[in-house]
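Biologist: Please take a close look at one part of this model, the surroundings of its ligands, and walk me through them slowly. I would like each term to come with its cut-offs.

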Amino acid sequence: MHAFLAFILACTSEPGSAPTHALPTLPPRLDDRPVTRGDERPLREAVIAFTAEVRGEVEPCGCPTTPYGGFARRERLLARYREAQDPPLFVLDAGEMLAKPVPGKAPSESSDRAEAVMQLARATGLDAWAPGPLDHAAMPTEWLARHATVSATWGAPFAAATVVERGGVRVGVIGLSAPVDAVPAHDAVSAVRGAMTGEADTWVVLSNAVAAVNRQVAEGVPGLGAVLATAGENLEEPWTGKGAPVIETPGRGRYVTVIHLSLGSTPGPWAIEDGGTWKSVASARERADVAEAGATVLGEAFERDRLALSEATRGRNVAVVSTRPLAPDLDGDTPVAKLVDAFHSSQLATARAEVARPTGSPYGTSAACSSCHGDRLASWGFDDHAKAWASLEARKSARNPECVGCHSTGFGKPGGFSALDARTVEAYKAVQCEACHGPMRGHAQQDGSQSALVTEATCRACHDPANSPSFNYTTYLRRISCSRMAVQDLPD
Ligand code: HEC
Ligand code: HEC
Ligand code: HEC
Ligand code: HEC
């Protein structure tokens, strides 16, 4: 406790700005259910840091709207909670963590990424997670079962549940892996929960099943604290029915959902108390944007959560849920940042190995098109595709293999872009003709070959939901110079 308060003061720009004798009035409770107090127990506190649907993203997103995320920032956020020592921190993930969906590539082809993500997750202190269908598509069952996974629905060789003990607090974790229907999910979770009476201070279900299944489990299985779940299609506010609440978290590792827990009763549903920021990811974003105020803002947020809790708990289990963006204020050198760098190097090596072909490159690069398609090249120069590399440079990310693939031409493709030396970069930078049309050196040398078919899937290889959330094929197609020029300018 003292360590925690000292930590808050250290994080606040004006030490002692919120003296304890002037507690603010609590906002109205979100949870309208009558306050039922159970068997009173000595108060136990814990912090749960919860992620889901990380989908192989190891670092901050390049997207202009939400440039958050990454394991290095996650490490620094969690370190702040750990430095506070009291209450103990538990790190959980509800699955769909390992695979980054790439059109035209099976998840199993990216096992190097899956291994790296697992290593990063362990390095940031992951205690337990529930694998999901994409994880299963990426890695073999035996491998998954060896890596701290719990799944009551998939059965052997997965452990159904685990109890993590830290700082005298025991958190029981049951895995619920999709796809699963409501009845088998309910039965699997209640069988595990029933068999584990009295072994933990609170029980959570980590679930990547759909919302309807989560709700049924939360309401139907007695003795659960909460269901911590993937968001799926859209992120919902914490849901409270007759039993335990269902709490979702945003995907792609851009945020961490932080739950401050005060356990004042026997294991049972958490009541969700206001004071957190889960209501609005946008408001979390605004706070992150407060320039250079990162540490202060976090410190204040901790304190608010803490005050809300201390008022509310006696004979109840109370949770304050917040969504913390992993924003640039968390940047810095850390052991995990070094692991991320090592992953970059291995990606570059893979790209180089793919590219090495004795016969020379099938890519002509746009210089080879200018003699016959000068008009096209000139109008392409006004497209955003032409400045895609400059956008990376502006973000100091032009050496980051996590970014260059979509902001250049033929990256990691046979005979394509592989090395980040100045000459190669000059040739392949930006989204050139062959990023869409495929390699066309032969065509430029008049061997009679033609463009690859350019379809919606061609665009979506780069315009994926993570980096181009508003992509719409029809409207985007109209905006590229190639389709604007139509047929009229074919060379003689
Ligand atoms: C999967 C492909 C992909 C990856 C990987 C990717 N980007 Fe992008 N990026 C895009 C696409 C597509 C757009 C255009 C989005 C739109 O406008 O719909 C974009 C847009 C951007 C923009 C906005 C340009 C502007 O100002 O309009 C920036 C900056 C950017 N990316 C930086 C990055 C960085 C930094 C990384 C690496 C962390 C990265 N990108 C990784 C595909 C990608
Ligand atoms: C020597 C002149 C010449 C050069 C150099 C050249 N093209 Fe062409 N290109 C043509 C002609 C002529 C046509 C129309 C006849 C045809 O369909 O082949 C054409 C058609 C195309 C088409 C539409 C037909 C198809 O293949 O689907 C695309 C796309 C294309 N070129 C892309 C490129 C790209 C990209 C480059 C640079 C790597 C390039 N061209 C270089 C002469 C050239
Ligand atoms: C190799 C990756 C790649 C492919 C393939 C690709 N794009 Fe893009 N696209 C990008 C990137 C990166 C940007 C952002 C460039 C910037 O602003 O820096 C972008 C930007 C755009 C923009 C401008 C968006 C804006 O916010 O103004 C349009 C429109 C667009 N792309 C359409 C398409 C269409 C249509 C296709 C398929 C026919 C396609 N793109 C294929 C990478 C790609
Ligand atoms: C973002 C993806 C993209 C890029 C980059 C791109 N193109 Fe295209 N290109 C297309 C699409 C899509 C079409 C078909 C447009 C249509 O028919 O509406 C097309 C059509 C063409 C055609 C005419 C084919 C026909 O039958 O009308 C030529 C020639 C061509 N592109 C050449 C080029 C050259 C040269 C470059 C580089 C300067 C280039 N393209 C860059 C997507 C792209």
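Modeller: I begin with ligand 1, where a side-chain N or O atom of H407 lies 3.0 Å from a nitrogen atom of the ligand, a polar contact being a pair of N or O atoms within 3.5 Å (within protein, one must be able to donate a hydrogen and the other to accept it, and residues adjacent in sequence count only if both atoms are side-chain atoms). The model is predicted, so local features need pLDDT of at least 70 and side-chain atom pairs count only at pLDDT 80 or more, whereas totals for chains, interfaces and linings use all residues. Residues are numbered from 1 along each chain as its sequence is written, chains are lettered from A and ligands numbered from 1 in the order in which they are written, and side-chain values use heavy atoms, with hydrogens and water left out.

Two further side chains make such contacts with ligand 1: a polar atom of N467 is 3.4 Å from a nitrogen atom of the ligand, and an N or O atom of S468 is 2.5 Å from one of its oxygen atoms. The elements that contribute two or more residues to this shell are α12 (388–394) and α13 (401–404), where helices (H or I, at least four residues) and strands (E, at least two) are DSSP runs numbered from the N terminus. In total 17 residues surround ligand 1, and C403, C406, H407, S468 and Y476 are the closest; a residue counts as near when one of its heavy atoms lies within 4 Å of the molecule. By class the shell holds seven nonpolar, seven polar and three charged residues, with Ala, Val, Leu, Ile, Met, Phe, Trp, Tyr, Cys and Pro taken as nonpolar, Asp, Glu, Lys and Arg as charged, and the others, Gly among them, as polar. At least three of its residues come from each of domain 1 (35–330) and domain 2 (358–485), the bounds being those of an automatic or database domain assignment.

The iron atom of ligand 1 has a single protein donor, NE2 of H407, at 2.2 Å, and H407 sits in the loop between α13 and α14 (422–428). Donors here are N, O and S atoms within 2.8 Å of the metal (3.2 Å for Na, K and Ca), and sites may look incomplete because water is not among the atoms.

At ligand 2 the protein supplies two donors to the iron atom, NE2 of H373 and NE2 of H443, at 2.0 Å. The arrangement is octahedral because the six donor atoms subtend angles of 89 to 179°; six donors earn that name if opposite donors are over 155 degrees apart and all others between 65 and 115. For reference, ideal angles for six octahedral donors are 90 or 180 degrees.

This pair joins distant parts of the chain, since H373 lies in the loop between α10 (335–355) and α11 while H443 lies in helix α16, 70 residues apart. H373 counts as partly exposed because its relative accessibility is 24%, and H443 falls in the same class at 33%; buried means under 20% relative accessible area, exposed over 50%, and partly exposed in between (1.4 Å probe, protein chains only).

H373 also has a side-chain N or O atom 2.8 Å from a nitrogen atom of ligand 2, as does H443 at 2.8 Å, and the side chain of Q450 places an N or O atom 3.3 Å from an oxygen atom of the ligand. Helices α15 and α16 (441–444) are the elements that give two or more residues to this shell. Of its 14 residues, C369, C372, H373, H443 and S451 come nearest, and the shell divides into seven nonpolar, seven polar and no charged residues.

At ligand 4 the iron atom is coordinated by NE2 of H437 and SG of C482, at 2.0 to 2.1 Å. This site is octahedral as well, with angles of 87 to 179° among six donor atoms. Here too distant parts of the chain are linked, H437 in helix α15 and C482 in helix α19, 45 residues apart. Both are partly exposed, H437 at 25% relative accessibility and C482 at 31%. The shell around ligand 4 has 17 residues, of which H385, C433, C436, H437 and C482 come nearest, and it is made up of eleven nonpolar, five polar and one charged.

Technical notes. Tetrahedral: all angles 85-135°; square planar, octahedral: opposite > 155°, others 65-115°.
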